[in-house]
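Q: I've got a model open and I'd like to learn how to read it. Could we pick one residue and work outwards from there?

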Amino acid sequence: MGRRDHRLLANAIRFLTIDSVQEANSGHPGTAMGMADIAEVLWNDFLKHNPGNPGWYDRDRFVQSNGHGSMLTYSLLHLSGYDLSLADLRSHRKMHSKTPGHPEYGITPGVELTTGPLGQGFASAVGMALAERKLALEFNRDGFPIVDHHTYVFAGDGCMMEGISQEAASLAGTLKLDKLVVFYDDNGISIDGEVQDWFADDTALRFRSAGWHVIDMIDGHDAAAVHAAISAAHANKGSPTLICCRTVIGFGSPNKQGKEEAHGAPLGAAEVALTREQLKWPHEAFVLPEEAAQGWDARKRGSDAEAQWNTLFDGYARAHPELAAEFKRRMAGETAPALAKTVSDYTAGLLAAAPVRQPLRKAVSKVLATLSAHLPELIGGSADVSVSTLAWTGQSKSIRPDDFSGNFLHYGVREFGMSAIINGMVAHGGLIPFGAHYLVFSDYSRNAVRMASLMKLRSIFLYTHDSIGVGEDGPTHQPCEQLVALRAIPGMSLWRPGSELEALVAWDEAVRAKGPTVIVAARQDGAAVQHAAGDVEAIRRGGYVVSREAAGQLDAVLVSTGSELDLALKAAETLRGDGLRVRVVSMPNGNIFARQPAEWRQSVLPAGVPTVFVEAASPIYWYQFLKGPGTVIGIDSFGESAPGPEVYRHFDITADRVVREARALLASGSA
């Protein structure tokens, strides 16, 4: 440990927090006040980072999972020299500030993740540690440890109570992620008060049982004890480390420390004054003594650390030029050069071959297998259903605790944890992960999917068994409202392909995307579609004409997605037999279609033409596209347990129903 006044430096955090929350008249001061001593030791003695370049590839990752105490992170960033000014701190919780109520990825330099919902920062940090381990194996060579950093997490009682933390901790322990260090802020307080009446877990024992190295009963206000604990965590090999720190929430506040009053509200002017006296801090609000400013400034230390790494990488690039170029490409998130040709060749093969009927999950899997062979950064995974989702392909190799050379993670039955871990891998950089499970269980993981969209992460979520076609498993496994719920997430790109070519476009768009993608695939057969060469670019626009009407005035439009495309095509044949000019539109991605220019949308769905939408799911979403007479055939109840085709007939999701609805619209229009 350096010879410095640890308490003085920790108090700089406390009073920047106190003053910012007081000025905002809103916020959570207690966490930062309680964890300031831990943060001071970690950031000044251990954390490898460069305030002048927050995106340095080999920086340590710091995640504050108890994100309500965001002023702790903001104070650390400001004090150590990041581009976060005192004015920014004084704008805490104000509109468009760089210091929002919870840390938000992409807004504040140095913030690695958006950590609002408790536990998700913890779980996503597991993904970061996993990515570090995987990339180190891929790229490090003798004498050149270019990927060699830790992931540090601050977490509180709320994070530990959330179930997602158990999901992620269990997997992290199994995978032996020994560069993951979690600090548990064991202050015994949540919003409702002392947690002992509703949270009596032996947290240390729980983590030990999950394979973690646990350092228990650390005084979180003793700098020497914290330093020794972190040193022990670094020395530990073969398991992640949990450091359990006893702290006092609101440390230093004479009347509110140790109480829930310090958790989620400003201390108040009188208590702020008393706290200044208690901690012997005579300075005015937002004024720091020079000793504190100099003691915290990490700019030179960070610049020197990155310079040393740059020298290492220069030597690496000379010794291993191809690996160095690949590392830089992947960490920059650039598209693999082979991708365009792979997609082009695959497209040509599909257009040249006779169309086949096949389960849509199989079509999606075939595309995935081809892309996996050419995208080394594509890391698959599944929440225990890899065989039935077909997420496991001929290109898959399992990642195991003692062998990270594979490209597929078995997450176990942990849908929520898997989704947040995926987010962490993406935020870390260098990997494009996807995770698979059944669509109906997206309800378990939806909040992590939402966070992926909020952070604009290139996370990919593959869901199969997408409708009442699941059949005998019944309504618990038959999704009806999940599609509309996922489509409602702002910024979400959801693909429900109805053919192998649509599946190819969906995957191609997903691995190039600037945000998250959901790909939804049916267990049952799709249509045998004879695509035209121009369909590829049309599919990319979310909705297009897959079967055009005969020449003359258009009579009706049938719109469908996924496996229901087959119903629309069959219905069109029947209606055309009546002499009607009928168009079939495939809408694999309604969200993208809705963002197209009006000219394109009008060319696909002409206003005023009778239109029938059909999808075996909640019909609510599709009414936005009705610009004249029309109807939506869907499911507005839960399913039934019976063979899939029988369930479709029971709910009258059939080609005959589509024909009847179209005829009724046409008859109504002519009456």
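A: Sure. Keep in mind that this is a predicted model. Let's start with Ser 467 and who surrounds it. Leaving aside neighbours within four places in sequence, Ser 467 is in contact with Gln 478, Pro 479, Arg 496, Gln 524, Ala 616 and Tyr 648.

Q: Is Ser 467 buried or exposed?

A: Buried means under 20% relative accessible area. Ser 467 is at 1%, so it counts as buried.

Q: What does the side chain of Ser 467 pair up with in a polar contact?

A: Look at Tyr 648: its side chain and that of Ser 467 are joined by a polar contact of 3.2 Å.

Q: And where along the fold does Ser 467 lie?

A: In a loop, with β11 (460–464) before and α19 (482–487) after.

Q: How should I read the sheet that β11 belongs to?

A: The general idea is that strands of a sheet pair through backbone hydrogen bonds, either parallel or antiparallel. Here you have an open sheet of six strands, paired in parallel and ordered β9-β8-β10-β11-β13-β12. At the edges sit β9 (408–410) and β12 (493–495), each pairing on one side only. From one strand to the next, the twist averages 20°.

Q: How many bridges link β11 and β13?

A: Five, in the parallel sense, with β13 covering residues 517–521. To find your bearings, Thr 464 stands opposite Ala 521 in β13.

Q: Which strands does helix α18 touch?

A: Helix α18 (residues 442–455) packs on the sheet and touches β10 (432–438), β11 and β13. For the angle, compare directions: that of α18 makes about 155° with that of β11.

Terms used. Residues are numbered from 1 along each chain as its sequence is written. This is a predicted model: local features need pLDDT of at least 70, side-chain atom pairs count only at pLDDT 80 or more; totals for chains, interfaces and linings use all residues. Side-chain values use heavy atoms; hydrogens and water are left out. Helices (H or I, at least four residues) and strands (E, at least two) are DSSP runs, numbered from the N terminus. Buried means under 20% relative accessible area, exposed over 50%, partly exposed in between (1.4 Å probe, protein chains only). A polar contact is a pair of N or O atoms within 3.5 Å; within protein, one must be able to donate a hydrogen and the other to accept it, and residues adjacent in sequence count only if both atoms are side-chain atoms. Contact means heavy atoms within 4.5 Å. Two strands pair if DSSP finds at least two bridges between them. Axes are lines fitted to C-alpha atoms, for helices over the stretch in contact, and angles run from 0 to 180 degrees between N-to-C directions.
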